[in-house]
Amino acid sequence: MNELTYILYILLSSTIVILVGNWCYKNGKVYILSYFTDAINFGNGINRLLRIAYYLLNIGLAVWSLHSMREINNSIEMILEISSRLSYILLIIGLLHFFNIYTVYLIYKNFKN
């Protein structure tokens, strides 16, 4: 049962991370380019860098969290374990989103000077 839990968790968490990452990349381009109107290549580079760092951090965190997964004996425990771990990943994604918004603002502030 543990192997099935691992597989479902990795598939679900990776899918969520990739979908949210692509969504933030596409919609964040407008936000970033509004700061860097004169340096479009620089803004696009920041957007790509943020996406790659986001993928590496979140997928790495999802895989790393497997080491602390407890023994699963039935389907109810499997659902509880997967949902609690996915909620942790979603919390991290939300925090990273706000951290990235603030980071782009700081880069703009330093770039402007």
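**Figure 1. Ile40 and the helix H2 in which it lies.** Ile40 lies in helix H2 of this predicted model, and because its relative accessible area is 47%, under the 50% above which a residue would be called exposed, Ile40 is described as partly exposed. Between the C-alpha atoms of Ile40 and Val63, which are 23 residues apart along the chain, the separation is 35 Å. For H2 as a whole, 25 residues at 1.5 Å a residue should span 36 Å, and the end C-alpha atoms of the helix are indeed 36 Å apart, so the expected and the modelled values agree.

**Figure 2. The buried side of H2.** The residues of H2 that are buried are Gly43, Asn44, Ile46, Asn47, Tyr54, Tyr55, Asn58, Leu61 and Ala62, and H1 and H3 are included in what covers them. Tyr54 can serve as a point of entry to this view: once its neighbours within four places in sequence are left aside, Tyr54 is in contact with Val17, Val20, Gly21 and Ile93.

**Figure 3. The largest nonpolar core.** In soluble globular proteins, nonpolar side chains tend to be buried together. In this model the largest nonpolar core holds 16 residues, and those with the most contacts inside it are Tyr9, Val17, Tyr54, Ile82, Ile89 and Ile93. Two or more residues of this core come from each of helix H1 (2-35), helix H2 (40-64) and helix H3 (75-112), with H3 giving the largest share, 7 residues.

**Figure 4. Helix H3, from its start to its buried residues.** At the start of H3, a side-chain oxygen of Asn74 comes to within 3.2 Å of the backbone nitrogen of Ile76. The 38 residues of H3, taken at 1.5 Å a residue, should span 56 Å, and because the end C-alpha atoms of the helix are 55 Å apart, the model agrees with that expectation. Met78, Glu81, Ile82, Arg85, Leu86, Ile89, Ile92, Ile93, Leu96, Asn100 and Val104 are the buried residues of H3, and they pack against H1 and H2.

**Figure 5. Ile79, an exposed residue of H3.** Ile79 is found in helix H3, and its relative accessible area of 55% is over the 50% cut-off, which means that Ile79 counts as exposed. Ile79 and Asn27 are 52 residues apart in sequence, and from C-alpha to C-alpha they are 32 Å apart in space.

**Figure 6. Leu8 in helix H1.** Leu8 is found in helix H1, where its relative accessibility of 31% lies between the 20% and 50% cut-offs, so that Leu8 counts as partly exposed. With neighbours within four places in sequence left aside, Leu8 is in contact with Met78 and Ile82, both of which are listed among the buried residues of H3. Leu8 and Tyr35 are 27 residues apart in sequence, and their C-alpha atoms are 40 Å apart in space.

**Figure 7. Asn2 and its contacts with residues 70 to 72****.** Asn2 has its place in helix H1, and it is buried because its relative accessible area, 14%, is under the 20% cut-off. Not counting residues up to four places away in sequence, Asn2 touches Arg70, Glu71 and Ile72. For Ile72 there is also a polar contact, in which the side chain of Asn2 reaches the backbone nitrogen of Ile72 at 2.9 Å.

**Figure 8. The largest pocket and its lining.** The largest pocket encloses about 310 Å³ of space and is lined by 19 residues, of which Cys24, Tyr25, Gly28, His97 and Asn100 lie nearest its centre. Asn100 is also one of the buried residues of H3. At least two residues of the lining are supplied by each of H1, H2 and H3, and the largest share of the lining, 9 residues, comes from H1.

Technical notes:
Residues numbered from 1 in each chain as written. Predicted model: local features only at pLDDT ≥ 70, side-chain atom pairs only at ≥ 80, totals over all residues. Heavy atoms only, no water. Core = buried A, V, L, I, M, F, W, Y, C linked by side-chain atoms within 4.5 Å. Buried < 20%, exposed > 50% of the residue type's maximum accessible area, 1.4 Å probe, protein only. Helix = DSSP H or I, 4+ residues; strand = E, 2+ residues; numbered from the N terminus. Contact = heavy atoms within 4.5 Å. Expected span 1.5 Å × (residues − 1). Polar contact = N/O pair within 3.5 Å; in protein donor to acceptor, adjacent residues only side chain to side chain. 1 Å grid on protein atoms, 1.4 Å probe; cavity = no way out; pocket = protein on both sides within 12 Å on 5 of 7 lines; lining within 4 Å. Points joined across faces, edges and corners; volume = space filled by probe spheres on them.
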